[in-house]
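Student: I'd like a close look at one part of this model, with the rest of the fold brought in as needed. Could you talk me through it in one go?

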Amino acid sequence: MLFQIFDAFKSRLHDSNSKVNQVALETMYKMIPLLKDNLSPVINMLIPAMVDNNLNSKNPGIYAAATNVIQALCQHLDSSLLLQPLCTKAQFLNGKAKQDLTDKLA
């Protein structure tokens with residue numbers, strides 16, 4: 001059930017409509033403290049959707065929302081769940097997104 005919900009939600013996290021994208025990120029930010037480690041089965045699917053394009057977005061609202069989501073993940077999830085997916089993403093990012101994610105990993 002969790003996979004079905006987040007599989008549908010994932011596409012909103014990188015929607016071409018910036019308003020939809022931003023609201024999805026803001027919603028994800030609100031869900032993380034509620035779901036916490038229950039997100040572990042879908043974290044490998046969600047991190048790329050949350051990070052790709054959003055951390056390098058020129059839209060300040062999307063960038064801020066993406067940064068908040070990464071912060072919430074680090075604050076509310078067990079770091080062992082995040083280490084591998086965040087390291088993998090950091091390897092393939094560039095620019096500010098790579099710097100932001102590397103700072104979080106440190």
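Student: In which helix is the place of N21? Please start there and work outwards.

Tutor: Bear in mind that this is a predicted model. N21 sits in helix α2, which covers residues 18–35. Its relative accessibility is 6%, and with under 20% as the cut-off, N21 therefore counts as buried. If you set aside the residues within four places in sequence, N21 is in contact with R12, L13, H14, D15, N54 and I62.

Pick out L13 from that set, as it leads into the core. The largest nonpolar core has 31 residues, and L13, M28 and L73 are the ones that touch the most other members. The elements giving two or more residues to this core are α1 (2–10), α2, α3, α4, α5 (79–92) and α6 (95–105).

M28 belongs to α2 too, going by the 18–35 range of that helix. Again leaving out neighbours within four places in sequence, M28 is in contact with F6, F9, L13, L39, L46, M50 and V69. So L13 turns up in the contacts of N21 as well as in those of M28.

Two of those M28 partners, L46 and M50, are among the buried residues of α3, so let's move there. Seven of the nine residues of α3 are buried, so this helix is largely enclosed by the rest of the structure. The buried ones are I43, M45, L46, I47, A49, M50 and V51, and they pack against α1, α2, α4, α5 and α6. A general point helps when you look at a helix like this: an α-helix has 3.6 residues a turn, so residues three or four places apart point the same way. After α3 comes N53, with a positive phi near 70°.

Now for how α3 sits on α4. Helix α3 (residues 43–51) and helix α4 (residues 60–76) pack at an angle of about 150°, and their axes are 10 Å apart. The two helices are therefore roughly antiparallel to each other. On the α3 side the contact uses I43, I47, M50 and V51, which meet A66, V69, I70 and L73 of α4. Sorted by type, the residues of this contact are eight nonpolar, no polar and no charged. Notice L73 in that list; L73 is one of the three core residues that touch the most other members. V69 from the same contact is also a partner of M28.

Further along α4 you reach H76. At 25% relative accessibility, H76 counts as partly exposed, whereas N21 counts as buried. Not counting residues up to four places away in sequence, H76 touches I32, P33, K36 and D37. H76 and F9 are 67 residues apart in sequence, and their C-alpha atoms lie 20 Å apart in space.

Finally, step back to the whole chain. There are six helices and zero strands, and from the N terminus on the elements run α-α-α-α-α-α. The C-alpha trace spans about 35 × 30 × 20 Å along its principal axes. A compact globule of 106 residues would have a radius of gyration near 13 Å, and the chain's 12 Å agrees with that. Buried residues make up 36% of the 106. Of the contacts with a separation of 6 or more, 65% come from residues 24 or more positions apart.

Definitions and conventions
Residues numbered from 1 in each chain as written. Predicted model: local features only at pLDDT ≥ 70, side-chain atom pairs only at ≥ 80, totals over all residues. Heavy atoms only, no water. Axes fitted to C-alpha atoms, helices over the stretch in contact; angles between N-to-C directions. Helix = DSSP H or I, 4+ residues; strand = E, 2+ residues; numbered from the N terminus. Parallel < 35°, antiparallel > 145°, perpendicular 65-115°, else oblique. Contact = heavy atoms within 4.5 Å. Nonpolar A, V, L, I, M, F, W, Y, C, P; charged D, E, K, R; others polar. Core = buried A, V, L, I, M, F, W, Y, C linked by side-chain atoms within 4.5 Å. Buried < 20%, exposed > 50% of the residue type's maximum accessible area, 1.4 Å probe, protein only. Rg over C-alpha atoms; globule rule 2.2 N^0.38 Å.
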